Structures are given as C-alpha cells and as structure tokens.
Amino acid sequence: PAVFRDSAELVRKFVEDYHEKLEENFIFPEFEKAKKLVDLVKVLRQQHEAGREVTAVILRDAADDRFKKEDARHELVTSVEAFIRMYRPHEAREDTVLFPALHKIVPAKRLKELGEQFEKEEDRLFGEEGFEKTVDQVTAIEKQLGIYDLAQFTPEQRQEATSVEGLLFSRMSLPQQQLFLSRALSSADPPLRSRCRYAARLRR
C-alpha cells in the first residue's frame, strides 16, 4: 500500500494544498471578475473539491490495517481510476483553454507579480528548490511502478510494404503506388497478410 499512500500524500501536499489553492485564490477570481469562462471555472472548482474527497478515500484505504481488507482494496482501485479519469481532461482543459486565456484578461505586469508571489509561496511550503525535490519524488514513484522509462509507451512501428525492388511504399510515385495496390489487392487473390505476399504478387 505504500506506493498508493506516497502518491496520494504527494498529490495532497503539492497539487491540492499548493497548486490548486493558488488557482482558486488568484487565477479563478480573475476570470470570475472579468466574467470570462465562468462555467469552466465553476466546473474546475467542483472538480478540485471532488479530487480532495477522492484523495481522502485513497489515503484511508492505503493505511496498513485497511489495505488488508478486500473491499478496501477494491474501493482504493476504483478511487484511483476515478481520479485519473477526472484529472486527465481537467488538466488538459486548463492547459489548452484556461491558461492561454489568462494572458488575454490579465495585464503582463500583474502576471509577473503573480508569478513572483507563487514562487515565494512555493519556497515557503517546500523550501529551496522545492519543485525539483517534488519532481524527484515523482520520479521515485514512477520507477517503483515501472513506468519511468518513456520509451516503453511508444507504439511498435509496423513494417511498411515494399516492392520487389525494395522501394518503400511511401517513396513510390503516385502511379507506382496505384499499380502496387491494384496488383496487391487484386480480387482474384486472397487477403494480404505479409510483406512477402506483396512481393510475390508483384513478381507476376
């Protein structure tokens, strides 16, 4: 249960008690005052509250005595899935809609002041290089879960069809591609399943 507990404690401390509080106290009010994206801000506020409730459940079920119970483990997994399902679009909407719009409603001078204020708050809560230390904690958790290596998430590349002469399909001219496909996909032949069959048909 330690990995669940460590992750939830990190979320509670850095995301909920720091990052989200800054949004709620400084960023969201700018939109509400300007009467811009108020419906989005309302939903984001609601999701912050919902996220804190989910985090509380995860912390409770990740306790050693609770984690031994099957129903608690099931509730924990369900809560983690709910948290991820909500925060992926939540974060994406902030990054692609809310934050870019902030530059349109808040003067550059005010944005600079907010940035300096946020940095001071970060230092107060987490000490010098607090962000870097938090990233190190995230890295440790990712390694523990086996998800740190970014390369493992790259989809396997499919082999590209090649002519008998070794020319890649993507490098053929349009007439060559049309001829290649007309021969390879001839209705008189069975469905294609490998590059070898492409080559065999082109030899005819």
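Helices (H or I, at least four residues) and strands (E, at least two) are DSSP runs that are numbered from the N terminus. The model is predicted, so that local features need pLDDT of at least 70 and side-chain atom pairs count only at pLDDT 80 or more, while totals for chains, interfaces and linings use all residues. Residues are numbered from 1 along each chain as its sequence is written, and side-chain values use heavy atoms, with hydrogens and water left out.

**Exercise 1. The chain as a whole**

State how many helices and strands the chain has, and what share of its residues counts as buried.

Solution. The secondary structure comes to eight helices and zero strands, and from the N terminus on the elements run α-α-α-α-α-α-α-α. For burial, the term buried stands for under 20% relative accessible area, exposed for over 50%, and partly exposed for what is in between, with a 1.4 Å probe and protein chains only. Of the 204 residues of the chain, 29% count as buried.

**Exercise 2. Two residues with positive phi**

Locate K35 and E129, and decide for each whether it counts as buried or exposed.

Solution. K35 lies in the loop between α1 and α2, and its phi is near 55°, a positive value in a residue other than glycine. Its relative accessibility is 69%, and therefore K35 counts as exposed. E129, in turn, is found in the loop between α5 (108-126) and α6 (130-145), and has a positive phi of about 55° although it is not a glycine. Because its relative accessibility is 51%, E129 counts as exposed.

**Exercise 3. Packing of α1, α2 and α4**

Describe how α2 packs with α1 and with α4, giving angle, axis separation and handedness for each pair.

Solution. Axes are lines fitted to C-alpha atoms, for helices over the stretch in contact, and angles run from 0 to 180 degrees between N-to-C directions. Angles under 35 degrees count as roughly parallel, over 145 as roughly antiparallel, 65 to 115 as roughly perpendicular, and the rest as oblique. A crossing is left-handed if the near helix is turned anticlockwise from the far one by less than a right angle, and right-handed if clockwise.

Step 1: helix α1 (residues 2-34) and helix α2 (residues 38-61) pack at about 160°, with their axes 10 Å apart, and are therefore roughly antiparallel to each other. The crossing in which α1 passes α2 is left-handed.

Step 2: α2 and α4 pack at an angle of about 155°, with axes 9 Å apart, which means that α2 is roughly antiparallel to α4. This crossing of α2 and α4 is left-handed.

**Exercise 4. S79 and V57**

Place S79 and V57 in their helices, and list what each contacts beyond its neighbours within four places in sequence.

Solution. Contact means heavy atoms within 4.5 Å.

Step 1: S79 belongs to helix α4 (residues 70-105), and because its relative accessibility is 10%, S79 counts as buried. Neighbours within four places aside, S79 is in contact with V54, V57 and I58. A polar atom of the S79 side chain also lies 2.8 Å from the backbone oxygen of E75.

Step 2: V57 lies in helix α2, and with 19% relative accessibility V57 therefore counts as buried. With neighbours within four places set aside, V57 is in contact with E75 and S79. The C-alpha atoms of V57 and A72, which are 15 residues apart along the chain, are separated by 9.4 Å.

Definitions and conventions:
Polar contact = N/O pair within 3.5 Å; in protein donor to acceptor, adjacent residues only side chain to side chain.
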